[in-house]
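User: I'm new to protein structures and would like a close look at a single part, followed by a walk outward from there. Could you explain what you see as you go?

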Amino acid sequence: MELIRGLHNLRERHRGCVATIGNFDGVHLGHQRVLEQLQAKAAELGLPSVVIIFEPQPREFFSPDQAPPRLTRFGEKVRFLEFKGVERVLCLMFNTRLRSMSADQFIEQLLVQKLDIRHLVVGDDFRFGCDRRGDFELLKSAGERIGFSVEETATLEVDGERVSSSRVRAALQAHEFDLAGRLLGRPYRVVGRVMHGQKLGRQLGAPTANVRMHRFACPLRGVYVVHGLIKGQRYPGVCNVGIRPTIHGRQPVLEVHLLDFQGDLYGELMQVEFLHFLRAERRFDGLDALKVQINADIEAARDWLALASTQS
């Protein structure tokens, strides 16, 4: 798959394609339906498939302090789009210039002049252009005039409700991991490299793998039962996502203690799969009290895993 960063990196060879546009945060089942339609039309026309995404996402640009946390990092999203067979991802920088572009300019300058799209697949709630004035009907009218076709995707529902990134986020924050998994089409995971930390877990008798978060704001906070997936192997564990208030932390971290694991994980890519909520993060009166709670968390995780194994 080819990742194209910015309009300035588009070349003549990128003209002529089947495209779709959106944030694709989480690449949930609704997004996957769009991708299926995209791939089918691209195969029919013998053209490359292109997914157009934005960085930052528009809500992050307009209200950075109020934007919801992402379900997936940029790299995870791109890898999953590649897994789904997308041939090109065009990542547009969402800035003042793009924000001020009218819907007609977006169609003419990007879709027609730069990409020469032959077919466009969009969700039924898609809006674009300055003040979100562009919609499916405008695209359809432009396509009839200029010479490209537009296809709308029907709403996908699970349990009678629309599948959306916000619904996945709400399920996660309500600790409904089974529902989140059904909306995503896979278990919810956070992926990152294991980095060196303060080694505090070793002092407390529970060494942890610190998964690098960078600027990613995980939609979860608290202590969870998880599986850590490393090099195809699955290990049960306990995960804390938060700022570690007992030691006056300020930046969110994701720490995983793998039960009964021995080995060096530094630099390894770990997928953290969330299974069950244990408790909210809170401040303890010193490291001794924190150590007692960590041991209790580990025992609670073992109990839950044992019960889950008997019910599977």
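Analyst: Let's begin with Phe 62, which lies in helix H2, the stretch of residues 58-62. Keep in mind that we are looking at a predicted model. Is Phe 62 buried or exposed? The answer lies in between: its relative accessible area is 46%, so Phe 62 counts as partly exposed, a label for values that are neither under 20% nor over 50%.

Now see what Phe 62 touches. Setting aside the neighbours within four places in sequence, its contacts are Phe 94 and Arg 99. Phe 94 is 32 residues away from Phe 62 along the chain, and the C-alpha atoms of these two are 9.9 Å apart.

There is also something to notice in the loop between S3 and H2, where Pro 56 is found. The peptide bond that leads from Glu 55 to Pro 56 is cis, with an omega near -10 degrees. Most peptide bonds are trans.

Strand S3 brings us to a sheet. This is an open sheet of six strands in the order S1-S4-S3-S2-S5-S6, and the pairing is parallel. Its edges are formed by strand S1 (2-5) and strand S6 (149-153); each has a single partner strand, so one side of each has no neighbour in the sheet. Ignoring direction, neighbouring strands here are turned against each other by 25 degrees on average. Helix H3, residues 74-83, packs on this sheet and touches S1, strand S3 (49-55) and strand S4 (88-93), while its direction makes about 170 degrees with that of S3. Strands of a sheet pair through backbone hydrogen bonds, in either a parallel or an antiparallel way. For a parallel example, look at strand S5 (residues 117-123), which is joined to S6 by five bridges. Within that pair, Val 122 stands opposite Glu 152 of S6.

Next, let's look at two helices. Helix H5 (residues 103-114) packs against helix H6 (residues 136-146), with their axes 11 Å apart and an angle of about 50 degrees between them. How are H5 and H6 oriented to each other? They are oblique, because about 50 degrees is not under 35, as roughly parallel would need, and is outside the range of 65 to 115 for roughly perpendicular. Their crossing is right-handed. On the H5 side, the contact is made by Ala 103, Asp 104, Ile 107, Glu 108, Leu 111 and Val 112, and on the H6 side by Leu 138, Leu 139, Ala 142 and Ile 146. Sorted by kind, the residues of this contact are eight nonpolar, two charged and no polar.

Further along the chain, the strands make another arrangement. Six of them close into a barrel, in the order S9-S10-S13-S12-S11-S14, with antiparallel pairing. From one strand to the next, the twist averages 45 degrees. One seam to follow is the one between strand S11 (residues 222-230) and strand S14 (residues 269-279), which run antiparallel and are joined by seven bridges. Here Val 226 stands opposite Phe 274 in S14. Helix H10 (residues 287-311) lies across S11, strand S12 (233-242), strand S13 (253-258) and S14, and runs at about 95 degrees to S14.

Strand S13 is a good place to pause. How many of its six residues are buried? Six are, so the strand is mostly covered. Val 253, Glu 255 and His 257 point one way, Leu 254, Val 256 and Leu 258 point the other way, and all are buried. S13 pairs with strand S10 (residues 209-211) over three antiparallel bridges, and with S12 over six antiparallel bridges. Val 256 has a place in both pairings: Ala 209 stands opposite it, and Cys 239 has it as a bridge partner.

Finally, take a look at two loops of this region. Most residues other than glycine have a negative phi. Lys 231, in the loop between S11 and S12, has a positive phi of about 50 degrees although it is not a glycine. Asp 260, in the loop between S13 and S14, also has a positive phi, near 60 degrees. Lys 231 is exposed, because its relative accessible area of 67% is over 50%. Asp 260 is exposed too, with a relative accessible area of 62%.

Terms used:
Residues numbered from 1 in each chain as written. Predicted model: local features only at pLDDT ≥ 70, side-chain atom pairs only at ≥ 80, totals over all residues. Heavy atoms only, no water. Pairing = 2+ DSSP bridges. Helix = DSSP H or I, 4+ residues; strand = E, 2+ residues; numbered from the N terminus. Axes fitted to C-alpha atoms, helices over the stretch in contact; angles between N-to-C directions. Contact = heavy atoms within 4.5 Å. Buried < 20%, exposed > 50% of the residue type's maximum accessible area, 1.4 Å probe, protein only. Parallel < 35°, antiparallel > 145°, perpendicular 65-115°, else oblique. Left-handed = near helix turned anticlockwise from the far one by under 90°. Nonpolar A, V, L, I, M, F, W, Y, C, P; charged D, E, K, R; others polar.
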